[in-house]
Amino acid sequence: MLTCLKFVVLLLLLSSRSCDGLQFNDIDEEVELVAQSSRYGSLWPLPQKVQLSDVSFKLTTSSFRIVDAKESSAGPSCSLLQNAYRRYYDYIFENAKKSWQAKGKRTGPSELGELQVWITSADSECDGYPSVTSDESYELTVNQPFAVLKAPKVWGALHGLETFSQLVYKDEFGTVSILLDSSLVLPFFLFFRTFPQLSQKGAYHPYTHVYTPADVKMVIEFARLRGIRVVPEYDTPGHTQSWGKGQADLLTPCYAGSKPSGAFGPVNPILNTTYDFMTQFFKEISTVFPDAYIHLGGDEVDFTCWKSNPDIQKFMEQQGFGQDYSKLESFYIQKLLNIVSTTNKGYMIWQEVFDNGVKLKPDTVIHVWKGNAQQYKNEMANVTSSGYQTLLSTPWYLNRISYGQDWQGFYKADPQDFKGTEEQKKLVIGGEACLWGEYVDATNLTPRLWPRASAVAERLWSAKDVTDISDAFNRLSAHRCRMVERDIPAEPLFSSYCPHEYKGV
């Protein structure tokens, strides 16, 4: 099998542009787009800088290899890269059943023999985990007699390998010429050694519908090998109905008049046992998940049950909170933040916690999700003017389905598009596409995600001036076909077909 590769120089330097009640929908009158060839081929997301030429090189299964450069600080012992080399070799040659070690055929004058991967830093971070401060930059140069992929860390090399694979194309003769939510207010899925009853009583089924410690470890390692962070969210005091099934006295008893109604509300914030539980709970969480951050939620707390409970009412009076139940929520959140701080983890919280005036550590990340375009822009300005880093999700709720090409609205949303100083905009660390799980399971998860999430990825990854919707449509259409060819069932952007569907016709 042969492949061809355009002569190319690419440079990626990452910049900081990296629910219910949502009303944002910023899609202009939809433009009817017809897929055409882009001058950038099918690159997605587009690197920060790209220089292409019309020169092509051939790649063959018998001679082309992906190898460590002699100068690289990561060698054969770096399993993360070695696994990636095999994975991308397979992508490039479409799962060609050739030996990875295939040798013996010399490259011709128009062939590319190697992609050399050069990790330039002394510490490649091969055995580590990606973090919010990871260097994910890379520089890819394709020329004879070999291509060179330079990156300070392995995380940039992983992105560069994807870019290289997207440069590969077939000619007309067949020559190949490179926050998911699973629960919300639903069952408790994760098995805890400290509190096994949480999943035993709170899951759909205690054996078949839980994530065991081995499952979690597998997910984290699968993600690490692809340069992906896994940040857990444990949202309290609301969204905790399933917790109460396995932990007595954790939730607030609701009252109907002077008697308990039998229903339960948010976490009970007035009991010492609540904070004893949270201390042990987050201690275990901090050992299971290696990322430096935990998402603590704090959104959508319904005060109705708290207001009905006589013990809560008495506590409110003792604390001088009056009838302002947001102060009770802040009381709880502040104690929770103090608990999590003892685990040496940073934390992310939904914007309500900031809006309610809870005292936060300077390195807290505020997650903005509410309102229409103008409202979230105002919130971004308020958060950053207070000196906090922020993450935007408002315009990228993928669970909200609308007729037509809604990816265009995702693509146009810019997290730094608000009134503020340049210093404020540097505090925007990026964004997060959300897919809440009330109407999603394994049957529709992947097509609902892709390629719509790809539009968000390019907005957060590529240069600020990459805004051409027509060019994006051309490249994203090709990228969607590439995903389908890699057995990822991504939905179409519009009525169309993929060339590989007619192979052999």
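Two strands count as paired here if DSSP finds at least two bridges between them. With that in hand, we can walk through this predicted model, starting with its parallel sheet.

**The sheet**

Five strands make up an open sheet with parallel pairing, and their order is β10-β11-β12-β13-β14. At its edges are β10 (293-295) and β14 (428-431), each of which pairs on one side only. Direction ignored, neighbouring strands in this sheet are turned by 25° against each other on average.

Let us look at the β12, β13 and β14 part of the order. Four bridges pair β12 with β13 in the parallel sense. Val368 has Leu392 of β13 as its bridge partner. Between these two strands the chain passes through α11, and the resulting β-α-β crossover is right-handed. Helix α11 spans residues 373-385 and lies across β12 (365-368), β13 and β14, running at about 160° to β13. On to the next pair: strand β13 (residues 389-392) is joined to β14 by three bridges, and the two run parallel. Here Thr390 has Val428 of β14 as its bridge partner.

**Rings and charges**

The structure contains 24 aromatic pairs. Are the rings of Trp44 and Tyr411 stacked, edge-to-face or tilted? Their centres are 6.0 Å apart and their planes stand at 35°, so this pair is tilted; planes under 30 degrees apart would count as stacked, and those over 60 as edge-to-face. Both Trp44 and Tyr411 are buried.

Tyr411 has another partner to show you: the charged end of Arg459 sits over its ring, 4.6 Å from the centre. A further arrangement of this kind involves Tyr129, whose ring has the charged end of Arg224 over it, 5.9 Å from the ring centre. Elsewhere, one aromatic cluster is formed by Phe195, Tyr234, Trp243, Phe277, Phe281 and Phe282.

Tyr169 is worth a visit too. This residue is found in strand β7 (residues 168-169). Is Tyr169 buried, exposed or partly exposed? With a relative accessible area of 28%, Tyr169 is partly exposed, because that class covers values between the 20% limit for buried and the 50% limit for exposed. Its C-alpha atom is separated by 8.8 Å from that of Gly41, although the two residues are 128 apart along the chain.

**Backbone features**

Most residues other than glycine have a negative phi, and most peptide bonds are trans. Against that background, a few places in the chain deserve attention, and the table gathers their values.

| Place | Feature | Value |
|---|---|---|
| Trp44 to Pro45 | cis peptide bond | omega near -10° |
| Trp450 to Pro451 | cis peptide bond | omega near 5° |
| Glu125 | positive phi | about 65° |
| Glu300 | positive phi | about 50° |

Where do these residues lie? Pro45 is in the loop between β1 (2-12) and β2 (49-60). The bond leading into Pro45 starts at Trp44, the residue whose ring pairs with that of Tyr411. Pro451 belongs to the loop between α14 (445-449) and α15 (452-461).

As for the glutamates, Glu125 lies in the loop between β4 (114-119) and β5 (138-142), while Glu300 is in the loop between β10 and α7 (304-308). Glu125 is partly exposed, with a relative accessible area of 23%. Glu300 counts as partly exposed as well, at 28% relative accessibility. Its loop follows on from the sheet described above, where β10 is one of the edge strands.

Key:
Residues numbered from 1 in each chain as written. Predicted model: local features only at pLDDT ≥ 70, side-chain atom pairs only at ≥ 80, totals over all residues. Heavy atoms only, no water. Axes fitted to C-alpha atoms, helices over the stretch in contact; angles between N-to-C directions. Contact = heavy atoms within 4.5 Å. Right-handed = clockwise from strand over helix to strand, strands pointing away. Phe/Tyr/Trp six-rings, centres within 6.5 Å; stacked < 30°, edge-to-face > 60°. Buried < 20%, exposed > 50% of the residue type's maximum accessible area, 1.4 Å probe, protein only. Lys NZ or Arg CZ within 6 Å of the ring centre and 35° of its normal.
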